[in-house]
Amino acid sequence: MAFPKKELFLVATSLVVIQIVMAGDPDILTDFIAPTNTPPNSPPLDGNFFTFTGLRSLVSDPVPPAFKVVKATMEQFPALNGQSVSYAVLIYPGGSVNPVHTHPRSAELLFLAQGSLTVGFVDTTNTLYTQTLEQGDLFVFPKGLVHFQYNADVKSPALAISAFGSASPGTVSLPNTLFNTTIDDSVLALSFKTDVATIQKLKAGLKG
Ligand SMILES: *[C@@H]1O[C@H](CO)[C@@H](O)[C@H](O)[C@H]1NC(C)=O
């Protein structure tokens, strides 16, 4: 028995509404998620739990020799659990790249605080959207899409701050996922329409 058209429409629209409501992390039923398994005589929860000091070093540290990201997600900052937000601070010495990657659970809103940066993402129709950002610009990378950032200015570093709509956006690095796991060489050779020697060469470059 088929649904009448009107009911199908209602089912379809309510599914859309559910999708919209669930666009961030799941809602929690408390103001925040306090740490569990604390020792019996530990002090009561205070402002320290809601404070993350792991980015202070950025103020004083010299520019690193290679691209560097400092994350403040719920892994580093447990108070973010359930709050649907997180940050990453990205430092690009001249000529460095943040290799192609995706964030499976969140869009990324990047603010370029210093320098210039070439950014881009590829959508599901394989269209590349790219831009060269100036200091003060914002750029949004839609959720789940493959993207990169590149500091083409070899003489000056760049510094960006990225906000995420998830406490745990996750990162899938394409070079690592494809060529630094144990996916069979012949599967990769067939996938990339090349030979096993070429795949092994790519793999050798990523060994830690
Ligand atoms: C490749 O994987 C190894 C082991 O997990 C890791 O130590 C290394 O950093 C990875 N290489 C890169 C380029 O991330």
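**View 1. A nonpolar patch on the surface of the predicted model.** In this predicted model, the side chains of Leu109, Phe111, Leu138 and Val140 make a nonpolar surface patch of about 350 Å². Two elements each give two or more residues to the nonpolar patch, namely strand E4 (108–114) and strand E7 (138–141). One member of the patch, Leu138, has its place in strand E7, and Leu138 counts as exposed because its relative accessibility is 55%, where the cut-off for exposed is over 50%. As a general background to this view, nonpolar side chains in soluble globular proteins tend to be buried together.

**View 2. The hairpin of strands E5 and E6.** Strand E5 (residues 117–122) and strand E6 (residues 128–133) pair in the antiparallel sense, and 6 bridges are found between them. Within this pairing, Val119 stands opposite Gln131 in E6. The two strands E5 and E6 form a hairpin with 5 residues between them, and in the turn Asn126 has a positive phi of about 70 degrees.

**View 3. Strand E5 beside strand E8.** Strand E5 is also joined to strand E8 (residues 146–150), in this case by 5 bridges, and these two strands run antiparallel. Here Val122 stands opposite Val146 in E8. When looking along any such strand, the reader may keep in mind that side chains in a regular strand alternate between the two faces of the sheet.

**View 4. The largest nonpolar core and a second core.** The largest nonpolar core has 13 residues, and of these Tyr92, Leu110, Leu112, Leu117 and Ala160 touch the most other members. At least two residues of this core are supplied by each of strand E2 (86–92), E4, E5, E7 and strand E9 (158–164), while the largest share, 3 residues, comes from E5. A second, separate core of 5 residues includes Phe49, Phe77, Leu80 and Ala167.

**View 5. The surroundings of Leu112.** When neighbours within four places in sequence are left aside, Leu112 is in contact with Leu117, Leu133, Glu134, Gln135, Gly136, Asp137, Ala158, Leu159 and Ala160. Among these contacts of Leu112 are Leu117 and Ala160, and both of these residues, like Leu112, belong to the largest nonpolar core.

**View 6. Lys155 in the loop between E8 and E9.** Lys155 is found in the loop that lies between E8 and E9, and Lys155 is exposed because its relative accessible area is 76%. Although Lys155 and Pro93 are 62 residues apart along the chain, their C-alpha atoms are separated by 8.3 Å.

Technical notes: Residues are numbered from 1 along each chain as its sequence is written. This is a predicted model: local features need pLDDT of at least 70, side-chain atom pairs count only at pLDDT 80 or more; totals for chains, interfaces and linings use all residues. Side-chain values use heavy atoms; hydrogens and water are left out. Patches are made of residues with over 30% relative accessible area and no salt bridge: like charges are joined within 9 Å, nonpolar side chains (Val, Leu, Ile, Met, Phe, Trp, Tyr) within 5 Å. Accessible areas come from the Shrake-Rupley method with a 1.4 Å probe; for residues, only the protein chains shown count as cover. A salt bridge is a side-chain nitrogen of Lys or Arg within 4 Å of a carboxyl oxygen of Asp or Glu. Helices (H or I, at least four residues) and strands (E, at least two) are DSSP runs, numbered from the N terminus. Buried means under 20% relative accessible area, exposed over 50%, partly exposed in between (1.4 Å probe, protein chains only). Two strands pair if DSSP finds at least two bridges between them. A nonpolar core is a set of buried Ala, Val, Leu, Ile, Met, Phe, Trp, Tyr and Cys residues joined through side-chain atoms within 4.5 Å. Contact means heavy atoms within 4.5 Å.
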